[in-house]
Protein chains: 2
Amino acid sequence: MSKARIVATVVEILDAEGETALTFRSLAARLATGAGAIYWHVANKEELLTAATDDVVAGVMAGVTLDAGPRDVIRAIALGTFDAIDAHPWVGAQLARSPWQYAMLQIFEGLGGQLHRLGVPEDAQFAAGSALLNYVLGVAGQNAANARRVPPDTDRAAFLDDVADAWTRQDPAKYPFLHRIAGEMRDHDDREQFLAGIDLILAGIGTLGSPEPSPDGPAER
Amino acid sequence: MSKARIVATVVEILDAEGETALTFRSLAARLATGAGAIYWHVANKEELLTAATDDVVAGVMAGVTLDAGPRDVIRAIALGTFDAIDAHPWVGAQLARSPWQYAMLQIFEGLGGQLHRLGVPEDAQFAAGSALLNYVLGVAGQNAANARRVPPDTDRAAFLDDVADAWTRQDPAKYPFLHRIAGEMRDHDDREQFLAGIDLILAGIGTLGSPEPSPDGPAER
DNA sequence: ACCTGAACACCGTTCAAGT
DNA sequence: ACCTGAACACCGTTCAAGT
């Protein structure tokens with residue numbers, strides 16, 4: 001048995017039955033072995049989750065083409081991550097809770113690596129990259145949490161209505177904003193909304209740049 | 001015994017010994033009772049964490065003065081949340097994993113409630129508010145994760161050096177961004193960096209607004 | 001109405017013993 | 001070198017029995 005096969009089985013279990021279904025006993029049963037055998041290849045459960053997340057994120061990053069405008073590359077990486085978390089909610093949970101693991105560095109470099117092409121001054125790149133990363137991780141965590149909380153067969157529209165209904169049940173004098181946006185909540189598209197947030201941060205980053213485009217990457221749009 | 005006393009004790013344990021130390025057995029021992037007694041007041045552990053988080057966030061929101069410019073109010077709420085998570089890392093973890101709980105609605109309303117004062121069109125407020133919220137939640141999750149991973153007595157400068165060293169150990173051709181920002185990583189201030197992200201999103205939001213300030217809140221700055 | 005505490009059904013992890 | 005599987009030290013949660 002190889003670590004690669006163990007990790008592949010971990011991904012299978014997580015995808016098919018969710019995070020609660022992954023135990024050393026279930027994993028060992030699936031691999032037709034004992035729990036101790038797994039511990040020979042891996043230090044603990046955390047390493048299992050980390051390796052599985054690295055696998056998925058590596059797949060995402062491999063699918064991103066870097067020869068586009070910097071904003072489009074950032075959008076592609078962000079959306080790729082979003083879609084991966086949508087398909088594998090446990091990836092979102094893992095990204096949100098394990099800082100500076102390999103998968104996160106990949107995303108951070110991918111997003112931040114475009115900033116000099118946008119003309120962002122070097123001393124603002126750390127802040128700008130962190131803003132993008134933290135936004136992505138925030139959404140990742142929320143999506144994962146929602147997937148955990150809501151039964152898999154729940155109707156999406158009904159779920160959104162429930163949330164919006166809870167908002168409009170609040171006192172309008174104390175929660176005017178929630179009342180104002182409840183309608184939009186009911187029929188928003190998660191993916192579109194996510195991208196709007198990325199574009200908002202990109203717009204903010206645009207105000208940081210020097211007026212002239214950087215030599216190796218003309219600003220598009 | 002009241003639920004309020006139980007929750008107060010939960011906060012004590014979480015603050016003093018961290019998330020792993022909170023069990024029904026430790027809590028019952030501290031309250032000089034049996035585990036079953038707690039279940040009479042509370043449905044499960046999740047409710048314990050939620051109630052404790054609500055308590056802390058309510059304290060934060062009560063401390064924010066709303067009679068300032070909209071950007072300053074947003075900064076105050078974001079920083080208040082940041083500081084609360086810094087003082088109680090478990091709050092960050094809980095916020096990151098439990099969507100639409102009371103505490104999160106408070107923060108969402110607090111942040112989003114300022115958007116019309118900034119002249120953000122109604123149909124862009126949901127996206128703008130979500131961007132702010134998700135950024136805050138992303139940072140919350142990362143800080144909580146760091147606090148969990150790093151021993152409490154670790155020297156901060158040494159920790160940052162370790163992370164930055166790991167970055168510079170990567171291949172510079174594949175990770176140019178990480179190399180570029182490693183220096184900034186070593187001596188950045190978390191709080192300042194967090195606020196820079198908020199200001200970046202605010203700058204992006206500024207590009208959405210109508211040119212003239214809204215009637216009930218002149219744009220400052 | 002509220003508390004007690006043993007019992008149940010699990011966990012992750014370890015480790016002597018095998019091959 | 002790698003696997004086995006029982007055992008250890010926990011968990012959250014339930015529930016009959018108490019007051």
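Student: Which atom of His41(A) should I look at to see how this residue meets a phosphate oxygen of DNA strand D, and how far apart are they?

Tutor: Keep in mind that this is a predicted model. Look at the side chain: a polar atom there lies 2.6 Å from a phosphate oxygen of DNA strand D. A polar contact here is a pair of N or O atoms within 3.5 Å.

Student: Which atoms of Phe24(B) and Lys45(B) lie by a phosphate oxygen of that strand?

Tutor: With Phe24(B), look at the backbone, where an N or O atom lies 3.1 Å from a phosphate oxygen of DNA strand D. With Lys45(B), look at the side chain, which places a polar atom 2.6 Å from a phosphate oxygen of the strand.

Student: How many residues surround DNA strand D?

Tutor: There are 17, and the closest are Thr33(A), Trp40(A), His41(A), Arg25(B) and Lys45(B). On the DNA side, sugar and phosphate make up 55% of the strand D atoms that come within 4 Å of the protein.

Student: Which helix gives the largest share of that surface?

Tutor: That is α3(A), with five residues. At least two residues each come from α3 (35-41) of chain A and from α2 (24-30) and α3 (35-41) of chain B.

Student: How do the residues near DNA strand D divide by character?

Tutor: Seven are nonpolar, seven are polar and three are charged.

Student: Now to chain A by itself. Which domains does the assignment give?

Tutor: Domain 1 covers 1-43 and domain 2 covers 53-206. Their C-alpha centres lie 29 Å apart.

Student: How should I read the size of an interface?

Tutor: A common way to state it is the accessible area that is lost when the parts come together. Between domain 1 and domain 2 of chain A, about 500 Å² is buried, with carbon and sulfur atoms giving 55% of it. Of the area that domain 1 buries against domain 2, Leu14(A), Asp15(A) and Glu19(A) supply 75%, more than any other three residues.

Student: How many residues of each domain are in contact?

Tutor: Five residues of domain 1 of chain A are in contact with seven of domain 2 of chain A.

Student: How many salt bridges does the rule find across that interface?

Tutor: Two. Arg148(A) forms a salt bridge with Glu19(A), and the closest N and O atoms are 3.2 Å apart. The rule also finds four residue pairs in polar contact across the interface of the two domains. On the side of domain 1 that touches domain 2, three residues are nonpolar, none is polar and two are charged.

Conventions:
Residues numbered from 1 in each chain as written. Chains lettered and ligands numbered in written order. Predicted model: local features only at pLDDT ≥ 70, side-chain atom pairs only at ≥ 80, totals over all residues. Heavy atoms only, no water. Domains from an automatic or database assignment. Contact = heavy atoms within 4.5 Å. Buried area = accessible area lost by both parts, 1.4 Å probe. Salt bridge = Lys/Arg side-chain N within 4 Å of Asp/Glu carboxyl O. Polar contact = N/O pair within 3.5 Å; in protein donor to acceptor, adjacent residues only side chain to side chain. Nonpolar A, V, L, I, M, F, W, Y, C, P; charged D, E, K, R; others polar. Near = heavy atom within 4 Å. Helix = DSSP H or I, 4+ residues; strand = E, 2+ residues; numbered from the N terminus.
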